[in-house]
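Colleague: Could you take me closely through one helix of this model and then outward through what surrounds it? I should like a single connected account rather than a list.

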Amino acid sequence: MTIDLKENERLDDLQRNGYQIIQNPEKFCFGMDAVLLSGFARAKKGDVLLDLGTGTGIIPILMAAKTECAHLTGLEIQEESADMARRSVVLNGLSDRIDIIAGDIKEADKIFPSASFDGITCNPPYMVEQHGLTNPDAPKAIARHEIYCTLEDVVRVTAKLLKPGGHFFLVHRPFRLAEIMTTLSQYKLEPKRMQLVYPFVDKEPNMVLLEAVRGGRSRLAVEKPLIIYREPGVYMPEIYEIYGY
């Protein structure tokens, strides 16, 4: 299928099932964190999933390629990004499995019924308040800074929308790990699995992948570190596998 691209848009190959995604580099393009989250997240056959702050739909599209989940929904506050996501869904023939809805994460518990999802993923804004913020109206700023929602907003609605025993998958920054753990526990989302991501083996981690379970028992498994680069410009084998190369 072919689809018309708007000004400054491009098609990127996702290296999975022949899928492609529409993006606008002038606005915001998905990063490695979204790809790593799609590799870290798990879903069983027949699961119903939600991606909060889906951007151009990268995580639902990759999860559709990697799992046998029954249905995925992406929620995105920026209409321009939601429009690109919808067209990518159509382009890849996934209209029967993926819905893209324009809406506010803070209102997600009013958009969707309570306890209606088996799994929820989120690659939220990492930066708080005005940290490094130059243009609060720019799409890149909205994606990176807590302008429209906070970490607590994400966790609060996730706790309402997950089924009991449902799984929450999150990628974030290690410098906020204590806050993340406290907030998850506050909303009865028990951290169950964690993996730190390092750019190089001798560098500090710059990402953390987390899985929490609604109402789960207290037990956290820390997985072996995920190293991105063997050397500058050369991924480790695990990263090529996640990307599908």
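**An enclosed helix and its surroundings**

Modeller: The buried residues of helix α6 are Leu151, Asp153, Val154, Val155, Val157, Thr158, Ala159 and Leu161. The model in which they are seen is a predicted one. These buried positions amount to 8 of the 11 residues of α6, and the helix is therefore largely enclosed by the rest of the structure. For the protein as a whole, buried residues make up 51% of its 245 residues. The setting comprises 8 helices and 13 strands. Of the contacts in the protein with a separation of 6 or more, 69% are between residues 24 or more positions apart.

Thr158 serves well as a point of entry. Thr158 belongs to α6, which spans residues 151-161. Its relative accessible area is 0%, and since buried means under 20%, Thr158 counts as buried. Once its neighbours within four places in sequence are set aside, the contacts of Thr158 are with Leu52, Ile120, Phe168 and Leu189. Each of these partners can be placed in a strand: Leu52 within β3 (48-52), Ile120 within β6 (117-122), Phe168 within β7 (162-172) and Leu189 within β8 (189-198).

Two of those strands, β6 and β7, are paired with each other. Strands β6 and β7 run parallel and are joined by 5 bridges. One of the bridge partnerships sets Phe117 against Leu162 in β7. Strand β7 also pairs with β9, here in the antiparallel sense and over 6 bridges. In that pairing, His172 stands opposite Val208 in β9. Strand β7 thus has β6 as a parallel partner and β9 as an antiparallel one. In a regular strand, side chains alternate between the two faces of the sheet.

Strand β6 also holds Cys122, at the end of its range of residues 117-122. A search of the whole structure finds 0 disulfides. Cys122 accordingly takes part in none, and the nearest cysteine sulfur, that of Cys149, lies 6.6 Å away. A disulfide would require the two sulfur atoms to be within 2.5 Å. Cys122 is buried, because its relative accessibility is 1%.

Helix α7 brings the account back to α6. In α7, which covers residues 177-186, the buried residues are Leu177, Ile180, Met181, Thr183 and Leu184. Viewed down the axis of α7, these buried residues fall within an arc of 165°, so they line one face of the helix. An α-helix has 3.6 residues a turn, so residues three or four places apart point the same way. Ala178 and Thr182, on the other side of α7, are exposed. The cover over the buried residues of α7 includes α6, β7, β8 and β9 (207-214). Helix α6 is thus itself largely enclosed and is also among the elements that cover α7. Just after α7 comes Lys188, with a positive phi of about 60°. Most residues other than glycine have a negative phi.

The empty spaces complete the picture. The whole structure has 1 cavity of 30 Å³ or more. The space in this largest cavity is about 30 Å³, and its lining consists of Leu49, Leu50, Asp51, Ile59, Pro60, Met63, Leu72, Thr73 and Thr121. Strand β3, helix α2 (58-66) and strand β4 (71-76) are the elements that give two or more residues to that lining. Thr121, one of the lining residues, falls within the range of β6.

Strand β8, part of the cover over α7, also helps to line an open space. The second largest pocket holds about 270 Å³ of space. Its lining numbers 16 residues, and those nearest its centre are Gln195, Lys224, Leu226, Glu238 and Ile242. At least two residues of this lining come from each of α1 (32-40), β8, β11 (226-227) and α8 (237-243).

Terms used:
Residues numbered from 1 in each chain as written. Predicted model: local features only at pLDDT ≥ 70, side-chain atom pairs only at ≥ 80, totals over all residues. Heavy atoms only, no water. Helix = DSSP H or I, 4+ residues; strand = E, 2+ residues; numbered from the N terminus. Buried < 20%, exposed > 50% of the residue type's maximum accessible area, 1.4 Å probe, protein only. Contact = heavy atoms within 4.5 Å. Arc of directions from axis to C-beta. Pairing = 2+ DSSP bridges. 1 Å grid on protein atoms, 1.4 Å probe; cavity = no way out; pocket = protein on both sides within 12 Å on 5 of 7 lines; lining within 4 Å. Points joined across faces, edges and corners; volume = space filled by probe spheres on them.
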